[in-house]
Amino acid sequence: MDITEVILHQHMEQRRMFALLEEWPRDDTEGLAALWKRLAVLLETHAEGEEKFFYPQLLHVGTGGGDADDVDEETEDAVKDHNEIRDGVRKVSGSAVGSDEWWQAVTDCDAANSDHMAEEERQDLTDFRRHASLEERHELARKFLRYEAVNAAQGVTPVDKDPKEWLEQHQS
Ligand SMILES: [Fe+2]
Ligand SMILES: [Fe+2]
């Protein structure tokens with residue numbers, strides 16, 4: 001197990017689930033609602049799990065990956081992006097399934113999530129692979145997957161974080 005591989009794999013799952021929604025029969029609102037619920041749980045437990053287990057450790061070992069200025073900037077940016085994804089999830093969940101408003105919210109959520117995943121893969125995962133030991137990557141994968149599995153049925157209550165405050169709390 002490796003946290004960077006687990007995150008990468010789940011990003012592919014998220015992309016696939018958005019694609020599934022896009023090709024789903026538009027009159028099957030029960031199916032659309034069920035597919036969306038699974039995706040919403042995955043998006044929320046994934047982001048929360050990253051904030052609980054991945055980003056605090058990245059802050060300790062990272063130096064800034066890819067085109068990031070430094071580890072503080074890439075981490076703060078990820079927490080901000082997670083808030084935007086939560087906003088997107090809330091907007092979809094608050095709209096009537098299958099309505100024009102719902103589809104627009106799904107597209108907006110997909111766009112916010114896609115932008116974030118690309119940056120996270122390019123900066124944060126790269127940074128962690130370069131600086132964390134294999135044991136550490138294994139141990140974090142176990143904690144992350146456990147957290148997601150425990151919360152898979154009910155999901156987690158989405159909580160926005162102030163990116164600057166979050167950073168300060170986890171820097172020491
Ligand atoms: Fe992610
Ligand atoms: Fe993320």
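## Helix H4: length and bend

In this predicted model, helix H4 (residues 100-131) contains 32 residues, and its first and last C-alpha atoms are 45 Å apart. At 1.5 Å a residue the expected value is 46 Å, so the span is close to expectation. H4 is bent by about 40 degrees, and the bend is located at Glu120.

## Helix H2: length and kink

Helix H2 covers residues 29-61, which is 33 residues. Its end C-alpha atoms lie 46 Å apart, in agreement with the 48 Å that follows from 1.5 Å a residue. H2 has a kink of about 45 degrees with its centre on Glu51.

## Packing of H1 on H4

Helix H1 (residues 3-23) packs against H4 with a crossing angle of roughly 165 degrees, and the two axes come within 11 Å. An angle over 145 degrees counts as roughly antiparallel, and H1 and H4 are therefore roughly antiparallel to each other. Their crossing is left-handed.

On the H1 side, the residues in contact are Thr4, Ile7, Leu8, His11, Gln14, Phe18 and Leu21. H4 contributes Val106, Asp110, Asn113, Met117, Glu121, Leu125, Phe128 and Arg129. Sorted by class, this contact of H1 with H4 comprises 8 nonpolar, 4 polar and 3 charged residues.

## Packing of H2 on H4

H4 also meets H2: their axes cross at roughly 35 degrees and come within 11 Å. This crossing is left-handed. H2 supplies Leu43, Leu58 and Val61 to the contact, while H4 supplies Asn113, Asp124, Asp127, Phe128 and His131. The classes in the contact of H2 with H4 are 4 nonpolar, 2 polar and 2 charged.

Asn113 and Phe128 of H4 appear in the contact with H1 and again in the contact with H2.

## Packing of H3 on H6

Helix H3 (residues 71-93) and helix H6 (residues 163-171) have axes 9 Å apart, at an angle of about 130 degrees. That angle makes H3 oblique to H6. The crossing of these two helices is right-handed.

From H3, the contact involves Asp72, Thr75, Glu76, Val79 and Lys80. The partners in H6 are Pro163, Lys164, Trp166 and Leu167. The contact of H3 with H6 holds 4 nonpolar residues, 1 polar residue and 4 charged residues.

Definitions and conventions: Residues are numbered from 1 along each chain as its sequence is written. Chains are lettered from A and ligands numbered from 1 in the order in which they are written. This is a predicted model: local features need pLDDT of at least 70, side-chain atom pairs count only at pLDDT 80 or more; totals for chains, interfaces and linings use all residues. Axes are lines fitted to C-alpha atoms, for helices over the stretch in contact, and angles run from 0 to 180 degrees between N-to-C directions. Helices (H or I, at least four residues) and strands (E, at least two) are DSSP runs, numbered from the N terminus. Angles under 35 degrees count as roughly parallel, over 145 as roughly antiparallel, 65 to 115 as roughly perpendicular and the rest as oblique. A crossing is left-handed if the near helix is turned anticlockwise from the far one by less than a right angle, and right-handed if clockwise. Two residues are in contact if their C-beta atoms, placed from the backbone, lie within 7 Å. Ala, Val, Leu, Ile, Met, Phe, Trp, Tyr, Cys and Pro count as nonpolar, Asp, Glu, Lys and Arg as charged, and the others, Gly among them, as polar. The bend at a residue is the angle between axes fitted to the seven residues ending there and the seven starting there.
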